[in-house]
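Here are my notes on the model you asked me to look over, set out as numbered points. Please read them with the structure open beside the text.

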Amino acid sequence: ERTVENFRKMLTIVILILLQFSSQVGFAQPTLAERIDKRCEEEHTWMGFWGVVLVANGEDILFEKGYGFADCDHTRPIHPELKFRIASITKQITAAAILKLSEENRLSLQDPLSLYLPAFSTLPQITLYQLLTHTSGIVTLLNTSPDLNDRIQRFPGDTTLDKTLAYLRAQPLRFEPGEGFYYSNGGYAILSAVIESVTGLTYPDYLKETFFIPLGMIDTEYDPNVYDDHWAIPCHRLSVQPDRVEPAPWVNRDIPYGAGGLCSTARDLLKWSVALSEGKVLKPETLRLMETPQSEVYGNGLGVFIEYPPFNGVRYRLVFHDGATAGSSTHLSRYVDKGLTIVVLSNLDDYDFTMLAYQLARIVFSEE
């Protein structure tokens, strides 16, 4: 018995020595940042991902890194301070602007569109709420090639927005307003015109004065169609091979307007996420409306989508939106009850980062 006991003691000592040695020579468990980086490196290596990934708990950045190149010639590495086209992430900012105006009693979500844009009185009555929830029946705007711009420029109007509104009025509705769901960039382009009608400011100026300057979002603006070294230049990928890219085709950035016309950085989008959570953008009851599913089937809120994915047997409320346009793929996730924000911005098109963002969240929640 004494021999067995001595053996156990010696075995315990050996195990403790091995554990101490393994930690000293690099066999310790990887940190949270290392685990996130490993998953992102896999995306870069196997899927040709270029872009920035940011993961934060509240204002505290847990991980931030760039992958790939900021231009099609592979001369500038991507870094987190670069600007990207954020595409349809724009929609939640447009929705927040409409909701802000409703808080100030300058409009009501149930108001008919024709109250602000009388030219739409020729269509069946459409409400602002229906535009916000993609239930208006208005067609979308697929701004991925010059073809759409050519068609829109044939319509009357002094500006591209005027021409876009005329184009949308001329298209048949997909269904009677309120009778279905159809994701519509056109609806959000119209909402940006409503903002201009109510405020007397241009859409970019209203956002700048109301949100971007007060929140310190100094790198967020309307896409100027001019790209310098502060940008991750929009590129079009020819395959998943990272060396096979070319400049993204030109598209008129004035067409999407409130549907997808903004550019930003990962850190500015984190500021936006935190400001929403802290009530600096909207009142709590208004934000709750924005982030509540208006349809159990589609999970559509107002400018966002909502899901309840499970982690470790617990379902967390996820508010998110993707973005895609020529030379850009984006994703913004907010696990609102946990304060977790995930931003993925790429200067390559044709990506869907839903699964990557989910896997990064799973890595974070596995630490709990």
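**Notes on the predicted model**

1. I begin with a loop residue: N312 is found in the loop between β9 (310-311) and β10 (314-315). The coordinates come from a predicted model, and in them the phi of N312 is near 55 degrees, a positive value in a residue other than glycine. Most residues other than glycine have a negative phi. With a relative accessibility of 61%, N312 counts as exposed.

2. A second residue deserves the same check. A87, which lies in the loop between β3 (84-85) and α3 (90-103), also has a phi near 55 degrees, again a positive value in a residue other than glycine. Is A87 buried or exposed? Its relative accessibility is 2%, and A87 therefore counts as buried, since the cut-off for that class is under 20%.

3. As for the chain overall, its secondary structure comes to 11 helices and 13 strands, and its C-alpha trace spans about 95 × 45 × 35 Å along the principal axes. Of the 368 residues in the chain, 53% are buried. When contacts between residues at least 6 apart in sequence are considered, 66% of them join residues at least 24 apart.

4. One open sheet consists of 6 strands in the order β2-β1-β13-β12-β11-β8, and its pairing is antiparallel. The edge positions belong to β2 (60-67) and β8 (305-307), each of which has a single partner strand, so one side of each is left without a neighbour in the sheet. On average, and with direction ignored, neighbouring strands of this sheet are turned by 15 degrees against each other. At the β8 edge, 3 bridges join β8 to the antiparallel strand β11 (residues 318-325), and F305 stands opposite F320 in β11.

5. Two helices should be viewed together with this sheet. Helix α2 packs on the sheet and touches β1 (51-57) and β2, its direction making about 25 degrees with that of β2. Helix α9 (residues 266-277) lies across β1, β2, β12 (328-335) and β13 (340-346), and runs at about 150 degrees to β13.

6. Within helix α2 (residues 32-47), D37 is a useful residue to inspect. Leaving aside neighbours within four places in sequence, D37 is in contact with F63, K65 and Y67. By C-alpha positions, D37 and T75 are 22 Å apart in space, with their positions 38 residues apart in sequence.

7. Another open sheet has 3 strands, in the order β3-β7-β4, with antiparallel pairing. Here β3 and β4 (221-222) stand at the edges with a single partner strand each, so one side of each is left without a neighbour in the sheet. The antiparallel pair of β3 and β7 (residues 262-264) is joined by 2 bridges, and the bridge partner of R85 in β7 is C263.

8. How do helices α7 and α8 pack, and at what angle? Helix α7 (residues 185-199) and helix α8 (residues 203-212) pack at about 75 degrees, with their axes 9 Å apart, and they are therefore roughly perpendicular to each other. In this contact S192, I195, E196 and T199 in α7 meet Y203, P204 and Y206 in α8, a set of residues that divides into 4 nonpolar, 2 polar and 1 charged.

9. Helix α6 (residues 160-170) is mostly covered, with 8 of its 11 residues buried. Which residues of α6 are the buried ones? They are T160, L161, K163, T164, L165, A166, Y167 and L168.

10. In soluble globular proteins, nonpolar side chains tend to be buried together. The largest nonpolar core of this model has 107 residues, of which F211 and W272 touch the most other members, and α7 gives the most to this core, with 8 residues. When residues up to four places away in sequence are not counted, W272 touches Q92, I93, A96, F211, L215, M217, V281 and L332.

Notes:
Residues are numbered from 1 along each chain as its sequence is written. This is a predicted model: local features need pLDDT of at least 70, side-chain atom pairs count only at pLDDT 80 or more; totals for chains, interfaces and linings use all residues. Side-chain values use heavy atoms; hydrogens and water are left out. Helices (H or I, at least four residues) and strands (E, at least two) are DSSP runs, numbered from the N terminus. Buried means under 20% relative accessible area, exposed over 50%, partly exposed in between (1.4 Å probe, protein chains only). Two strands pair if DSSP finds at least two bridges between them. Axes are lines fitted to C-alpha atoms, for helices over the stretch in contact, and angles run from 0 to 180 degrees between N-to-C directions. Angles under 35 degrees count as roughly parallel, over 145 as roughly antiparallel, 65 to 115 as roughly perpendicular and the rest as oblique. Contact means heavy atoms within 4.5 Å. Ala, Val, Leu, Ile, Met, Phe, Trp, Tyr, Cys and Pro count as nonpolar, Asp, Glu, Lys and Arg as charged, and the others, Gly among them, as polar. A nonpolar core is a set of buried Ala, Val, Leu, Ile, Met, Phe, Trp, Tyr and Cys residues joined through side-chain atoms within 4.5 Å.
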